[in-house]
Amino acid sequence: YPSPHPAPAATTAGNVEPTPIVDTTPIVFLPGFGVGTFHFDAQLEALGTERPVYALDWLGQGESWPDDEQAEKGLRFDSDLWTNQLEIFLESELRGRPAILAGNSLGGYIAVQLAHRRPKLVRGLVLMNATPFWSFAAPSREKDAWRLFGWDATLPAPRWPFAIGSRWFNTLRSPTTIATMLGAVYADKRTVARTINRPDDHPHAGEATDLPEAIAAAASKRGGPAAFTSILFSPKAEVSFEDALLTISSREAPPPIALLYGQEDPWVVPLWAERAHRRLSKGVELEFKKGVAGAEPNAPSFESGGSEALKVLPDVVHYALTPAGHCPHHEAPELVNCLLSLWARAVDSSANERAASSANERAADAMPEQLTKRESFGREVRAYRRHGDPLGPLGALAAAFDR
C-alpha cells in the first residue's frame, strides 16, 4: 500500500503556529475498482487539516503492484485479498487504532467486509455508492464448485483465461474508453476531466493529468493483464454484502454509519441505497396500508416519500446527493467534504458515550436535513436526508419484498 497522506498542521486565523491534531478519529479512504488514491485528492487536501487521513491503492491497482512475476505467483486478486490488505494496514500503520472507513464503489464493499470481520478496528463507516456485489463465482471455500476453465483465479493464469482477460483489459485501458465509461456514470461529464492534484510526496507529484489518464497510467503497470484476468475469474466473498450489513447492525455496539449516495448513478441506483439503509437500521417496522401505494384515503404517499411508511431507528445518516453519479466524492467534493467533516466531528464527540445507540443517535442528530454547495463549473449540488422511507412506487415495492 502507498504511504498515507500526512495530515498538515492545523492553523487558525491570526496564528501561524502549527496546532497538533489530537483526539480525532483517522479516516481511511478506499477507492473503487481501477482507480487509486488520486481519486481522493480533494478529500486528502481538505480533511487532512482536521485529522489524520489515509488512502489505499488496492493490490493490483493504482500504484500497488507485485514486484515481478515471481511475487505475483500464488496471488488471487479477489475481495478477500483486499480485505486482508486493509486489515493489515489498520493493524500495522494505525496500530489497531479504530478508524472511519470511507469507501466508494468497491471500496465501500471492502469496508463492509472488514467491519464484519474485525469490528474493533472500525470506529465508523461511510459508504459512497458502495457496490452491493462483487464477482459471481462460488466462494473459495466451495472446493468442489464448478469453475470456468476449472481455474480458481490463482496466478499464474492458464492460457485461455489469460487470452480472454488480457484482450479485454487491453481494450478497456485506453484513456478514451475510460473517459467514455466514466462519463456514463457521472452526472456532469465535465468533472471527469478535472485535473488530478497529487500530494507532494507522490512519485508523480507535479504532473498535470486528468482522471482517465491517471487510471490508464496505473493500468499500464507490469502485471496489469494478469491481475485483471484474476479479478475477472475471482470467487466472491464468503459473506455477502447484505448479510454483512445485517450482522453489523445486529451487534451490541454497531458503529455509526453514513450513506452518501449520488442520486443519478445508473449502476448503484437509489434502490440499492434504500436497501442498504434497511439492512443497517435495527428495529425496522414496516407499516404498509392496504394496497401499498395508497388505496386508503389517509394512506402515506410513496411518491412524496412519506415518513409514515417506514419507521427506523436514527442510527444511520443517509444523504442523497443530486445531481451526482457513481463517484460523489470526486464529482461534488465540496459538498462531500463538508458532510464528512460534520459527521466525523460528531463521531469524535460521541466516542465516549456509554451506549452505542445513544452515540449513533448523537452523530445522526448533529447532521443537517439538507445542504447545498457550489461545485466546479458553477454547479450547485444538494444533499438531502433520507430517513429510510421508500422513494417512489418502485422503492415501496422493493421495501414490501424486504418485510
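Reader: In this predicted model, is E274 buried or exposed?
Author: The relative accessible area of E274 is 6%. A residue counts as buried when this value is under 20%. Because 6% falls under that cut-off, E274 is buried.

Reader: With which residue does the side chain of E274 meet in a salt bridge?
Author: The salt bridge of E274 has an N to O distance of 3.7 Å. The pair links distant parts of the chain, 112 residues apart, with E274 in helix α10 (residues 270-280) and its partner in strand β12. That partner counts as buried at 7% relative accessibility. The residue is R386.

Reader: Which residues do salt bridges that share partners join into one network?
Author: The structure holds 15 salt bridges. Some of these share partners and thereby join residues into one network. The members of this network are E87, E91, R117 and R118.

Reader: How many residues apart in sequence are the parts that D348 and R51 tie together?
Author: The side chains of D348 and R51 meet in a salt bridge, with 2.8 Å from N to O. D348 belongs to helix α12 (residues 333-349), while R51 is in the loop between α1 (41-47) and β4 (53-55), so the pair ties together parts that are apart in sequence by 297 residues.

Reader: Are D348 and R51 buried or exposed?
Author: D348 is listed among the buried residues of α12. R51 shares this status with D348. Both residues are therefore described by one word under the cut-off of under 20% relative accessible area: buried.

Reader: Why is helix α12 described as largely enclosed by the rest of the structure?
Author: The buried residues of α12 include L335, L339, W343 and V347. Helix α12 is largely enclosed because, of its 17 residues, the number that are buried is 12.

Reader: What distance separates the end C-alpha atoms of α12?
Author: Helix α12 has 17 residues, and at 1.5 Å a residue they should span 24 Å. The distance between the end C-alpha atoms agrees with this expectation, so the value is 24 Å.

Reader: Where does R222, the salt-bridge partner of E72, lie?
Author: The closest N and O atoms of E72 and R222 are 3.2 Å apart. E72 lies in helix α2 (residues 69-72), and the two residues tie together parts that are 150 residues apart in sequence. R222 lies in the loop between α7 (211-219) and α8 (224-233).

Reader: Which term, buried or partly exposed, applies to R222?
Author: Its partner E72 is buried, with a relative accessible area of 9%. R222 has a relative accessibility of 38%. Because this value lies between the cut-offs of 20% and 50%, R222 counts as partly exposed.

Reader: How many residues of α4 are buried?
Author: Helix α4 (residues 106-117) has 12 residues and reaches 17 Å from its first C-alpha to its last, close to the 16 Å expected. Its buried residues include Y109, I110 and Q113, and what covers the buried residues includes β3 (27-30), α3 (79-92) and α9 (241-250). Helix α4 is largely enclosed by the rest of the structure because its count of buried residues is 10.

Reader: Which helix supplies the largest share of the nonpolar patch?
Author: The patch lies on the surface and is formed by W146, L148, F149, W160, I164, W168 and L232, with about 800 Å² of accessible area together. One of these residues, W160, is exposed, with a relative accessible area of 54%. The largest share, three residues, comes from helix α5.

Reader: What distance separates the C-alpha atoms of V317 and L260?
Author: V317 is found in strand β10 (residues 316-322) and is buried, with a relative accessible area of 3%. V317 and L260 are 57 residues apart along the chain. Their C-alpha atoms are separated by 8.3 Å.

Reader: Which residue takes a positive phi in the hairpin of β11 and β12?
Author: Strands β11 (residues 370-374) and β12 (residues 380-386) run antiparallel and are joined by five bridges. Within this pairing, Q370 stands opposite Y384 in β12. The hairpin has five residues between the strands, and the residue with a positive phi near 65 degrees is F377.

Reader: What share of the residues of the chain counts as buried?
Author: The chain has 14 helices and 12 strands. It exposes about 18200 Å², of which carbon and sulfur atoms supply 54%. Of the 403 residues, the share that counts as buried is 52%.

Conventions
Residues numbered from 1 in each chain as written. Predicted model: local features only at pLDDT ≥ 70, side-chain atom pairs only at ≥ 80, totals over all residues. Heavy atoms only, no water. Patch = residues over 30% accessible without salt bridge, like charges linked within 9 Å, V, L, I, M, F, W, Y side chains within 5 Å. Areas by Shrake-Rupley, 256 points an atom, 1.4 Å probe, with all protein chains shown as cover. Salt bridge = Lys/Arg side-chain N within 4 Å of Asp/Glu carboxyl O. Helix = DSSP H or I, 4+ residues; strand = E, 2+ residues; numbered from the N terminus. Buried < 20%, exposed > 50% of the residue type's maximum accessible area, 1.4 Å probe, protein only. Pairing = 2+ DSSP bridges. Expected span 1.5 Å × (residues − 1). Contact = heavy atoms within 4.5 Å.
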